Amino acid sequence: GTTLVSPRSPTSLVLPELTSLRGSITSMLGSSHPALDRIAGYYFAAEGKHVRPLIVLLMAQAANGVAPGYERLREEDRKTQGAELDAEISPTGILNDVNPRRTVFAAPESENILCTQRRLADISEMIHVASLLHDDVLDEAALRRGAPSAPAAFGNKLAVLAGDFLLGRASVALARLGNLEVVELLATVLANLVEGEVLQLQAQQASEDALAAAPSPSVSLDTSAFWRVTPACPEDAPSEQLFESYLHKTYLKTAALMAKSARAAVILGGCGKADEGEVVERRKEQTRDAAYAFGRNLGIAFQLVDDMLDFRSTSAAFGKPSGGADLRLGIATAPVLFAWQEAPAEARMGEMVRRKFGGEGDVPKALALVEASQGLQRTAKLAQHHVDLALDALAVLPHSEARDALAQLARGVLTRSK
Ligand code: FPP
Ligand code: MG
Ligand code: MG
């Protein structure tokens, strides 16, 4: 790979694993169909940010050793070097076609990472890329990572099938990790991704329901402070429930994968449920919860910034269409919801949201309303809040270079430009 690192970048601690990530994944993708090989590997050929593998690898480093069982896992790991993760089941068995052109398993080189965790990093990226293949069909995206999208290059049918193929191979790799708690977590993520997309698809309906419903007096969300404004909102202003529903969608489509992969990483390091006595079990539970909270809040911040960049970036820097691309898809993200709340009733933002910006001149008008509002600044503040929560979560972990790198990764979310 050609991942750029400065000496203090969060990637430098796990550089060998990030560098071999692409090869490790590609080694799991060989099929007997050249067209399937080409499209399944297509997004891995372009330069990705590899945020999910980075979270998994650094979280593994930061939490390994917390559980007393880690030493035994590490010894076992040294002996097998991941052979059982990579071996063909049997020369004649039904799974020996898993990969006819399999290469050697890329065992971890960096300090304090297990083969299973190294493989979990691959799996998290495979699930992410599978979701992108489907997403680019749903969004009719022309560009991804600075090049024609997979559906643009190969057609919708092959793009959908390639996503399914990636999920199939990721599932085989997941099963081979031999940990049912981890299988359950990642399987749940697949459902979460779909739920998030459906929620987004039906946001129009959700906004109608929310408008019909009386404003909820008891708001459970800890981010509600970011929603309330003075003076009072216009009559047709979006409800707090709509805002909550947007944040829930954001968790499902982006943060769930980061949160549950991070939790799975520490479970593979020995922090899974067992019967090691009350004190140890409590410590492990705290570690699992910290990993989850870190991934969840980082993920929400990450998507909030993505939704901001959709208004700010030019295609050239971002590698995908922007300058209101979400508006053109009919999707109202945080900057729009904030702008709608602030806009005078005459601006008719609510009507535009409900018709998914499909009216004549809706998109430029909504863009101007967002620009004239505090929408982007308020979105940035909310993202900052979630980064702070991610940083708080790290306090449970022992001090280490990996923990510092996770903190730096979280802070970097706010300043990213692509
Ligand atoms: C990108 O969002 C898309 C996602 C984060 C999730 C997409 C999930 C699905 C399509 C459900 C199917 C899931 C699987 C596992 C096959 P975006 O469109 O806002 O971002 P973009 O600008 O990068 O396209
Ligand atoms: Mg998209
Ligand atoms: Mg999408």
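**Exercise 1. Work out which residues surround ligand 1 and which helices supply them.**

Step 1: Start with the shell. Ligand 1 has 17 residues around it, and the closest are Ser131, His134, Asp135, Leu193 and Glu197. Here, a residue is near a molecule if its C-beta atom, placed from the backbone, lies within 6 Å of it.

Step 2: Sort the shell by element. Helices H7 (115–138), H9 (156–176), H10 (180–201) and H12 (240–271) each give two or more residues, and H7 gives the most, with six. Helices are DSSP runs of H or I with at least four residues, strands are runs of E with at least two, and both are numbered from the N terminus.

Step 3: Check the chemistry. The shell splits into eight nonpolar, four polar and five charged residues. Ala, Val, Leu, Ile, Met, Phe, Trp, Tyr, Cys and Pro count as nonpolar, Asp, Glu, Lys and Arg as charged, and the others, Gly among them, as polar.

**Exercise 2. Decide where the coordinates deserve caution.**

Step 1: Remember what you're looking at. This is a predicted model, where local features need pLDDT of at least 70 and side-chain atom pairs count only at pLDDT 80 or more, while totals for chains, interfaces and linings use all residues. Residues are numbered from 1 along each chain as its sequence is written, with chains lettered from A and ligands numbered from 1 in the order in which they are written.

Step 2: Look at the averages. Mean pLDDT (the predictor's confidence in each residue, from 0 to 100) is 88 for the chain, and 85% of its residues reach 70 or more. The model scores are ipTM 0.98 and pTM 0.91.

Step 3: Find the extremes. Helix H14 (residues 315–318) is lowest at a mean of 54, and helix H4 (residues 51–63) is highest at 98. Over residues 89–94 the pLDDT stays under 50, and the model has four contacts there beyond four places in sequence; two residues are in contact if their C-beta atoms, placed from the backbone, lie within 7 Å. Where pLDDT is low, the predicted coordinates should not be read in detail.

**Exercise 3. Trace the largest nonpolar core and the contacts of Leu58.**

Step 1: Get the core. The largest one has 111 residues, and Leu58, Met59, Ala262, Ala265 and Ala301 have the most contacts inside it. Such a core is a set of buried Ala, Val, Leu, Ile, Met, Phe, Trp, Tyr and Cys residues joined through C-beta atoms within 7 Å. Buried means 20 or more other C-beta atoms within 10 Å of a residue's own, exposed means 12 or fewer, and partly exposed is in between, with C-beta atoms placed from the backbone.

Step 2: List the contacts. Leaving aside neighbours within four places in sequence, Leu58 touches Pro10, Leu13, Val14, Ala402, Ala405, Leu406 and Leu409.

**Exercise 4. Compare the burial of helix H16 with that of Arg348 and Thr415.**

Step 1: Take H16 (residues 334–342). Nine of its nine residues are buried, and they pack against H12, H13 (278–312), H17 (349–354), H18 (362–372) and H19 (375–394).

Step 2: Move to the loop between H16 and H17, where Arg348 sits. Arg348 counts as partly exposed because it has 18 C-beta neighbours inside 10 Å. Its phi is positive, about 55 degrees, although Arg348 is not a glycine.

Step 3: Finish with Thr415, in the segment after helix H20 (401–412). Thr415 is exposed because it has 7 C-beta neighbours inside 10 Å.
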